[in-house]
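Student: Please take me closely through one part of this model, setting out how a single strand is paired, covered and connected, and then how the elements around it are arranged. I would rather have one connected account than a list.

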Amino acid sequence: MSATILDGKAVLATIKDELRTRVSALARRGTVPGLGTVLVGEDPASSWYVGAKHRDCAEIGVASLRRDLPADATLDQVLAVVDELNADPACTAFLVQQPTGLDEFAILSRVDPVKDVDGLHPFNLGSLVLGEPAPLPCTPVGVVELLRRYDVPLAGAEVVVVGRGLTVGRPLGLILSRRSENATVTLCHTGTRDLAAHTRRADVVVAAAGVPDLITPDMVRPGAAVLDVGVARRDGKIAGDVHPDVAEVAGWLSPNPGGAGPMTRAMLLSNVVEAAERAAGAGPA
C-alpha cells in the first residue's frame, strides 16, 4: 500500500482562490482586511514565517501591517505595539510571532480577542471549550480542514492525537470532539504507556509531540490516516514525528513539510478575512 498524500500546499492554493472572492466582495463594500504582525529580533525561522504570512496576504488582497522590533525590545515596548494594533481599524487581525523571549502569556492576553488571528487568546480558547463561536487555533483547525478536503471520514472515527501542547494537541482534541466532527478522541503524549497500543487501533493518528520518527510503521493500522504535525530538529534540519516508511502502511499521509504547515497559513488567512467580515457586518460571499 502506498498512502494518498494529504497535500497541504495544494489545498492552500485552493483556499487562497476561495478567499480572493471573499476579499473582493469586502472591497466592494469598502473594507480591506489587514493582517498585523509583531516580530521581536531577527530569528531566521520567525522572520521566514512572518514573511510567508505577508506574501500570502499580498496574493489575495489583504493589507499588511508589519511591526519589527529589535531583539532587546522590552515587554512594555511590545505591549505598546499590541495596543496600537488593537486600536488600529486598518488591522482586522494580528499576531505576535513567538518566541519573543518575554512573558508570552502577558502579551497574548493583551491582544484584543476579536483580533486574535492565532485563536490562542485565553478568551478564545475558553470559547472553544464552551462551544461558543470564536477564532480557532490555526494548526488544529487546519488539520481538520485538510482531512475534510480529502474526504477522510471523521464522524464516529477513532482519532489518536499524540501531543498535549496548547497550540495543537489540546485544542485539536476539543475541535474533533465537537458535534460537527463527531470523532472519538484519545489524547496521548510522550508519557503515555504503550503508545503503540493506542495508535494501532486508530482510524486517524495526528502526531504533534516534536519527537523525530516517534510514529513507526508497526504503530499504524493499515489504511489509517496519519498526519505529521511534529516539529523538531535533527542535524540542523526540520524533522517530523512520523517515520517515512509509514507511507507504505497508511491510507492517507500528511507529510512534514508540506502538510500541516501550509494548512496553518491557510487557516490564518481565513481568520483574517473572517475578522474583516465580522467587522463589516457581512458574511462570506
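Tutor: In this predicted model, threonine 37 stands opposite leucine 95 in β4, and the residue that follows in the strand continues the register, since valine 38 stands opposite valine 96 in β4. These two positions belong to the pairing of β2 with strand β4, residues 93-96, which is parallel and extends over four bridges. On the other flank, β2 is joined to strand β3, residues 63-69, by seven bridges, and these two strands also run parallel. Within that pairing, glycine 36 of β2 has leucine 65 of β3 as its bridge partner.

The way the chain gets from one of these strands to the other can also be followed: from β2 it passes through helix α2, residues 44-60, to β3, and this β-α-β crossover is right-handed.

Taken together, the three strands form an open sheet in the order β3-β2-β4, with parallel pairing. Because β3 and β4 stand at the edges and have a single partner strand each, one side of each is left without a neighbour in the sheet. From one strand to the next, the twist averages 10°.

Burial fits into the same picture of β2. The strand spans residues 34-40 and is mostly covered, with seven of its seven residues buried. Neither face is left open: Gly34, Gly36, Val38 and Val40 are buried on one side, while Leu35, Thr37 and Leu39 are buried on the other. Thr37 and Val38, whose partners in β4 were given above, therefore lie on opposite faces of the strand, and each is buried, meaning under 20% relative accessible area. Lying across β2, β3 and β4 is helix α3, residues 75-87, which runs at about 165° to β3.

The connecting helix has a packing partner of its own. Helix α2 packs with helix α9, residues 260-280, at an angle of about 55°, the axes being 10 Å apart, and the two helices are therefore oblique to each other. The crossing in which α2 passes α9 is right-handed. From α2 the contact is made by Trp48, Ala52, Lys53, Asp56, Cys57 and Ile60, and from α9 by Arg265, Leu268, Leu269 and Val273.

One residue of that α9 set, arginine 265, leads on to another part of the chain. Lysine 9 and arginine 265 are separated by 256 residues in sequence, yet their C-alpha atoms are 9.8 Å apart in space. Lysine 9 has its place in helix α1, residues 8-28, and is exposed because its relative accessible area is 58%, over the 50% cut-off. Leaving aside neighbours within four places in sequence, lysine 9 is in contact with Gly258 and Pro262.

For comparison with the sheet around β2, there is also an open sheet of six strands, in the order β1-β11-β8-β7-β5-β6, again with parallel pairing. Its edges are β1 (4-5) and β6 (184-188), each with a single partner strand, so one side of each is left without a neighbour in the sheet. Inside this order, strand β8, residues 225-228, and strand β11, residues 252-254, pair in the parallel sense over three bridges, and leucine 227 stands opposite serine 254 in β11. Helix α6, residues 138-149, lies across β7 (204-207), β8 and β11, and runs at about 145° to β8.

Methods: Residues numbered from 1 in each chain as written. Predicted model: local features only at pLDDT ≥ 70, side-chain atom pairs only at ≥ 80, totals over all residues. Heavy atoms only, no water. Buried < 20%, exposed > 50% of the residue type's maximum accessible area, 1.4 Å probe, protein only. Pairing = 2+ DSSP bridges. Right-handed = clockwise from strand over helix to strand, strands pointing away. Axes fitted to C-alpha atoms, helices over the stretch in contact; angles between N-to-C directions. Parallel < 35°, antiparallel > 145°, perpendicular 65-115°, else oblique. Left-handed = near helix turned anticlockwise from the far one by under 90°. Contact = heavy atoms within 4.5 Å.
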